Amino acid sequence: MMRALFGLVVLLAGCPSPVCPTLATRCDGPRVETCASDGQWQTVADCEAAGGVCQYVHDSEIDGHVCTWGGE
């Protein structure tokens, strides 16, 4: 019984499961997040703190979520 309980605790408290594909990007409110190699979202920029907004951009140079300012 104790072995089963210990196994359950280890299973539930283990590493978080991947939730995103590596190098994917997204906006989480005013923040740009990139998916790290462990499959977890990581904040890389706070657009609001820099006076901008987070948005998706797709052009010849960028394909992802970035901070933008003004009419960019």
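This text walks through a predicted model of one protein chain, from its overall layout to its disulfides and salt bridges.

The chain contains one helix and five strands, and read from the N terminus these elements follow the order α-β-β-β-β-β. The helix, α1, spans residues 2–13, and a loop leads from there to strand β1 at residues 25–28. Strand β2 covers residues 31–35, β3 runs over 41–46, β4 takes in residues 53–58, and β5 is formed by residues 63–68. Of the 72 residues in the chain, 21% count as buried, while the accessible surface amounts to about 5400 Å², with 60% of that area belonging to carbon and sulfur atoms. Among the contacts with a separation of 6 or more, 14% are made by residues 24 or more positions apart.

The covalent links give a useful path through the chain. The count of disulfides comes to three, and when the bonded cysteines are numbered in sequence order, their pairing reads 1-3, 2-5, 4-6.

In one of these links, C20 and C35 form a disulfide in which the sulfur atoms lie 2.0 Å apart. The torsion about its S-S bond is 85 degrees, and the link is right-handed. C20 sits in the loop between α1 and β1, whereas C35 belongs to strand β2, so this pair ties together parts of the chain that are 15 residues apart in sequence. Both cysteines, C20 and C35, are buried.

Another disulfide is formed by C27 and C54, with 1.9 Å between their sulfur atoms. Its torsion about the S-S bond is about -85 degrees, and the disulfide is therefore left-handed. The pair links distant parts of the chain, since C27 lies in strand β1 and C54 in strand β4, 27 residues apart. How do the two ends of this link compare with the cut-off for burial, which is under 20% relative accessible area? C27 has a relative accessibility of 28% and therefore counts as partly exposed, whereas C54, with a relative accessible area of 14%, is buried.

The remaining link to describe joins C47 to C67, with a sulfur-to-sulfur distance of 2.0 Å. With -85 degrees about the S-S bond, the link of C47 and C67 is left-handed. Here, too, distant parts of the chain are linked, as C47 is found in the loop between β3 and β4 and C67 in strand β5, 20 residues apart. C47 has a relative accessible area of 0% and is buried, and C67, at 17% relative accessibility, also counts as buried.

Alongside the disulfides, the charged side chains offer a second set of links to follow. A search of the whole structure finds two salt bridges. In one of them the side chains of E33 and R26 meet at 2.6 Å, taken from N to O, and the side chains of these two residues are also recorded as making a polar contact at that 2.6 Å distance. E33 is found in strand β2. With a relative accessible area of 6%, E33 falls under the 20% limit and is therefore buried, while its partner R26, at 31% relative accessibility, counts as partly exposed.

The surroundings of E33 can be followed residue by residue. Leaving aside residues up to four places away in sequence, E33 touches A24, T25, R26, D28, W41, Q42, T43 and V44. Of the two strands to look for in this list, β1 spans 25–28 and β3 spans 41–46, and the contacts of E33 include T25, R26 and D28 as well as W41, Q42, T43 and V44.

D28, one of the residues that E33 touches, takes part in the other salt bridge, where the side chains of R31 and D28 meet at 3.4 Å from N to O. R31 has a relative accessibility of 30% and counts as partly exposed, and D28, with a relative accessible area of 30%, is likewise partly exposed. In the bridge between E33 and R26, by comparison, E33 counts as buried at 6% relative accessibility and R26 as partly exposed at 31%.

Definitions and conventions:
Residues are numbered from 1 along each chain as its sequence is written. This is a predicted model: local features need pLDDT of at least 70, side-chain atom pairs count only at pLDDT 80 or more; totals for chains, interfaces and linings use all residues. Side-chain values use heavy atoms; hydrogens and water are left out. Helices (H or I, at least four residues) and strands (E, at least two) are DSSP runs, numbered from the N terminus. Buried means under 20% relative accessible area, exposed over 50%, partly exposed in between (1.4 Å probe, protein chains only). Contact means heavy atoms within 4.5 Å. Accessible areas come from the Shrake-Rupley method with a 1.4 Å probe; for residues, only the protein chains shown count as cover. A salt bridge is a side-chain nitrogen of Lys or Arg within 4 Å of a carboxyl oxygen of Asp or Glu. A disulfide is a pair of cysteine sulfur atoms within 2.5 Å. A polar contact is a pair of N or O atoms within 3.5 Å; within protein, one must be able to donate a hydrogen and the other to accept it, and residues adjacent in sequence count only if both atoms are side-chain atoms.
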